[in-house]
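User: I am new to protein structures and would like to learn how to read a few features. Could you take me through them one at a time?

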Amino acid sequence: MIKFFQWIYTIYSALIFIILMILLGLFMVIPSLISERGDRISFFFIRLWAGTWSFLSGIRFQVEGLKYIDKSQPYIFIFNHRSFVDAPVIPIAIPQTLKALGKMELSKIPVFGWIVGRFAIWVDRTSTESRRKSLEKLVEILSKGKSVVVAPEGTRNDTSETLLTFHKGAFRLSIESQIPILPMAVIGADRIMKRGSILLKPGKVRIYFSEALQPPHPSPTAVDEYTAKCRNRLEAMLLAHEED
């Protein structure tokens with residue numbers, strides 16, 4: 001019986017998601033096509049879409065640590081990835097216009113892929129060439145003073161481990177560009193929608209930011225050490241706040 005109501009809730013939530021995306025889609029995309037300054041207008045509607053969908057679906061967000069974000073400073077945000085619900089977390093939690101690194105498979109979703117593609121850099125993680133080109137695009141974005149978001153685990157974590165092994169691209173990029181890494185711990189998204197299931201349930205997602213980690217100067221060991229340092233920081237945040 002519980003699963004029956006969960007199916008009803010999931011269908012309702014999916015319909016709201018689609019209707020809002022159709023209604024607001026052009027408002028999200030068109031300003032960013034007109035000029036780069038239009039990104040601010042686009043992100044207003046992206047946040048309106050994400051916030052309205054979450055509210056109507058009974059999903060609440062608690063964001064802490066915004067004091068660590070200097071809105072005039074670009075960052076490379078990293079986060080733990082355990083659920084598709086992480087998608088609306090990003091525009092709701094981060095008070096900046098930005099680009100996110102996303103899996104190529106998501107670009108094939110009708111309407112969603114077209115809209116999100118304006119604010120994402122798609123990467124085929126099985127292709128070395130695709131990863132190289134995505135990093136080049138991230139360098140270009142950061143050089144314009146804009147922030148980017150990366151899930152350094154590379155895929156959703158469906159294990160009992162707090163974090164998967166980190167890919168090093170984001171940390172190499174941080175060192176080369178001297179743009180700081182800012183960790184973002186997302187807790188509770190996997191209780192709302194678990195990996196391997198399409199079923200949703202209402203709940204609360206908590207997002208915590210920490211102080212940014214400044215990149216070291218380049219050296220033979222810098223990337224490995226910096227990757228480990230950032231992973232340790234994010235892991236410590238998750239373990240500390242999971243108890244809350």
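Analyst: Let us begin with strands, keeping in mind that this is a predicted model. Strand 3 and strand 5 (residues 147–150) run parallel and are joined by three bridges, and one of the residue pairs is Ala100 with its bridge partner Val149 in strand 5.

User: Which other strand pairs with strand 3, and in what sense?

Analyst: Strand 4 (residues 120–123) pairs with strand 3 in the parallel sense, over four bridges. Ala100 appears here too, since its bridge partner in strand 4 is Ala120.

User: How many of the residues of strand 3 are buried?

Analyst: Five of the six residues of strand 3 (residues 98–103) are buried, and the strand is therefore described as mostly covered.

User: How should I read the packing of two helices?

Analyst: Two packed helices are described by the angle between their axes and by the distance between those axes. In this model, helix 5 (residues 128–143) and helix 6 (residues 169–177) pack at an angle of about 40 degrees, with their axes 11 Å apart. That angle makes helix 5 oblique to helix 6, and their crossing is right-handed. On the side of helix 5 the contact is made by Leu135, Leu138, Val139 and Leu142, while helix 6 contributes Gly169, Leu173 and Ser177. Sorted by class, the residues of this contact are five nonpolar, two polar and no charged.

User: At what angle do helix 6 and helix 8 cross?

Analyst: The axes of helix 6 and helix 8 (residues 222–241) cross at roughly 115 degrees and come within 9 Å. That makes helix 6 roughly perpendicular to helix 8, because angles of 65 to 115 degrees count as such. Helix 6 passes helix 8 in a right-handed crossing. The contact is made by Phe171, Arg172, Ser174 and Ile175 of helix 6, together with Ala222, Val223, Tyr226, Thr227 and Cys230 of helix 8. By class, this contact of helix 6 with helix 8 has six nonpolar, two polar and one charged residues.

User: Now a single residue, please: why does Ser54 count as buried?

Analyst: The general idea is a cut-off, in that a residue is called buried when its relative accessible area is under 20%. Ser54 has a relative accessibility of 1%, and so it counts as buried. Ser54 lies in helix 2 (residues 38–56), and, if its neighbours within four places in sequence are left aside, Ser54 is in contact with Ile59, Phe61, Pro88 and Ile92.

Terms used:
Residues numbered from 1 in each chain as written. Predicted model: local features only at pLDDT ≥ 70, side-chain atom pairs only at ≥ 80, totals over all residues. Heavy atoms only, no water. Axes fitted to C-alpha atoms, helices over the stretch in contact; angles between N-to-C directions. Helix = DSSP H or I, 4+ residues; strand = E, 2+ residues; numbered from the N terminus. Parallel < 35°, antiparallel > 145°, perpendicular 65-115°, else oblique. Left-handed = near helix turned anticlockwise from the far one by under 90°. Contact = heavy atoms within 4.5 Å. Nonpolar A, V, L, I, M, F, W, Y, C, P; charged D, E, K, R; others polar. Buried < 20%, exposed > 50% of the residue type's maximum accessible area, 1.4 Å probe, protein only. Pairing = 2+ DSSP bridges.
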